[in-house]
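Colleague: I've just opened this one and don't know where to start. Could you pick one part and walk me through it slowly, strands and rings included?

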Amino acid sequence: LAYPPTFVSSMLWGPPPSVMLLLGIGLGLLAVTWARCVHSHEDGRCPTPSFGSTADQVLLQSVAKLSLAPQKDLVQMLQQMEEKMQHMEQLEEKMEARLERMDADSSASDLHSAPVLPSSGQPQLSVPKSLLANHSDEFFEACQAKPSGHKGSGMQMIEARRSANTGQTKSLNVVVATRGACAVGELPLTDYRSDGVGETCCPASSLACAGCASAANQKCQRCAGGFVERGGSCIACSDTAGWRNADGLTCVQLDASACNDVRVRGRSSNEACCKCGGGHGSATPFKYESHRWPLEADFEMQPAPRTAERYSLDETCQLAEYNLTMDGTTGVISTVPGLAKPREPFSFQCEVTAHQSDSIAFTATVVVAVDYLAFGTPILLLSESSQQTFLARKAPGAWKEFAIHCAPQTDWMHIDPTTGDLNRASDPAASADGAVSTIAEAYRGQSGGICLVTGFHQPLGAAKFEKRHLRVVALWPRPWNTLHYQVASVAVTVGEEVPILQPIAPSEKGLLKPSDYVAACEAVGHVDKQFVFDSLLGAGLLAGHPILE
């Protein structure tokens, strides 16, 4: 018989239930027919037909022996066949479920978000359910889909530590992130540790800044969680999920001196582990800060951080049309020396792709905006300082009669009618009731207003003044200054999930909720168990096992 390939494949696992059912019915009909033949002959025998092949005769003799069995034995055999059919159906369901799990594990091993799962015989640590889900919507080219909050000077960082004396959670220390301490052309780096928070500065043009937690002497001293050091740079990398060497050690447990090319389960440590030069690399996110520039001014915009030595643009980018260009090595966008600068405002966006390797790349969108009047950024963030000034950058020519009005009303924002500089009143609290609800998610609902700045401009060589206007958003964000949870400690047994712990919102309304959280922990009494917070996944891993997110 010629069976279809799918039928042959299923026969390898055992006959399908439908085949077993048809076989049973066929045998039953043959048995009834043979019994009638026996009763119709006086000698009690039914003549055996003649067939052309020995195989056919053997098959018919087997059916004859089955038909001569007592009726009750036949019924019992049919019942047994039915039980076997049910058993086969159960086995088939289990096999399908197992194959689905195998497919899922195979797919997860190629994702940066794939957790390192312990094998049988090892303590089964609970894995947060969301870590096992498909993050295709949450991650795009290794970038977590979170609002890109502005990290201007004066914004606060809240730090929670465990008291070394009492072992209990105390009132949280508030650390002011003095990001303004870095010089122009430098990037601030934040190192989150269990004993505190440290900040250093890194040259913005250096590849050493990407994925780095702490830098010194223009070199990265320690990579952030989820990154490993390779060739003087920090690369986003994750170990192959579930891999162990011949001694049962995971990539985290393996010493770097033990890396080799011996394959276990199809991969060696040099292929499976990040510390050995293998693992699964992913792109490092970067962005261009939002800026607005005045007409006829020289400017440059650089990626933060710099992640590659090769950059490309999408085909719709209009840089060349406005006498602008991009350095293909550094990703810096700038005016072209010697070429005329546009005399009319314009705004467009481009997609810039950083190629870290032939297979790893990340794409960011940059907006280039030039106008008659600019304050550097379209969103003016006010700090807690008593006085703050935003300098007006203007196109060449004469300017006069600057004015500003906002909605909702913001009496705390003033403008110099001569220079156009904006400054905040010393005490904005009395009139900071209005808010902006549809601005970037990180600042939704914060006190502020949508403002229109106007001024009269006489271009060079022109005979009269023309009215210019610029739309900006002024915000006075007031961040949380404390961070508390419902309990001071949590204890769970192996195999249980850590209960969800929600931060307690301050009683005062309208405060800015933190947009990013980082956990820094240590395993007390277990120096061999290292805790790492993967900043790309937003997950904490203990000895490679995800334990919190």
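Modeller: Let's begin where strand 12 meets strand 18 (residues 361-371): the two run parallel, with 3 bridges joining them. Strands pair when DSSP finds at least two bridges; strands (E, at least two residues) and helices (H or I, at least four) are DSSP runs numbered from the N terminus. To find a spot on that seam, look for arginine 292, which stands opposite alanine 369 of strand 18.

This is a predicted model, so local features need pLDDT of at least 70 and side-chain atom pairs pLDDT 80 or more, while totals for chains, interfaces and linings use all residues. Numbering starts at 1 along each chain as its sequence is written, and side-chain values use heavy atoms, without hydrogens or water.

Now step back to the sheet that these strands belong to. It's an open one of 4 strands, and going across you meet them in the order 12-18-17-14, with mixed pairing. Strand 12 (292-294) sits at one edge and strand 14 (311-313) at the other, each with a partner on one side only.

The rings are a nice way to carry on from here. Searching the whole structure turns up 8 aromatic pairs (Phe, Tyr or six-membered Trp rings with centres within 6.5 Å; stacked under 30 degrees between planes, edge-to-face over 60, tilted for the rest). One of them is tyrosine 322 with phenylalanine 348, a stacked pair at 5.4 Å centre to centre with 10° between the planes. Phenylalanine 348 belongs to strand 17 (residues 346-355), whereas tyrosine 322 comes from the loop between strand 14 and strand 15 (324-326), so this pair links distant parts of the chain, 26 residues apart.

How buried or exposed are these two? Tyrosine 322 is partly exposed, because its relative accessibility is 23%, whereas phenylalanine 348 has just 6% and therefore counts as buried (buried is under 20%, exposed over 50%, partly exposed in between, for a 1.4 Å probe and protein chains only).

Phenylalanine 348 has another ring partner, phenylalanine 346: their centres lie 5.9 Å apart and their planes meet at 15°, so this pair is stacked too. Like phenylalanine 348, phenylalanine 346 is buried.

There's also a group of rings to look for around strands you already know. Ring pairs link Phe286, Tyr288, Tyr311 and Phe362 into a cluster. Tyr311 falls within edge strand 14 (311-313), and Phe362 within strand 18 (residues 361-371), which takes you back to the partner of strand 12.
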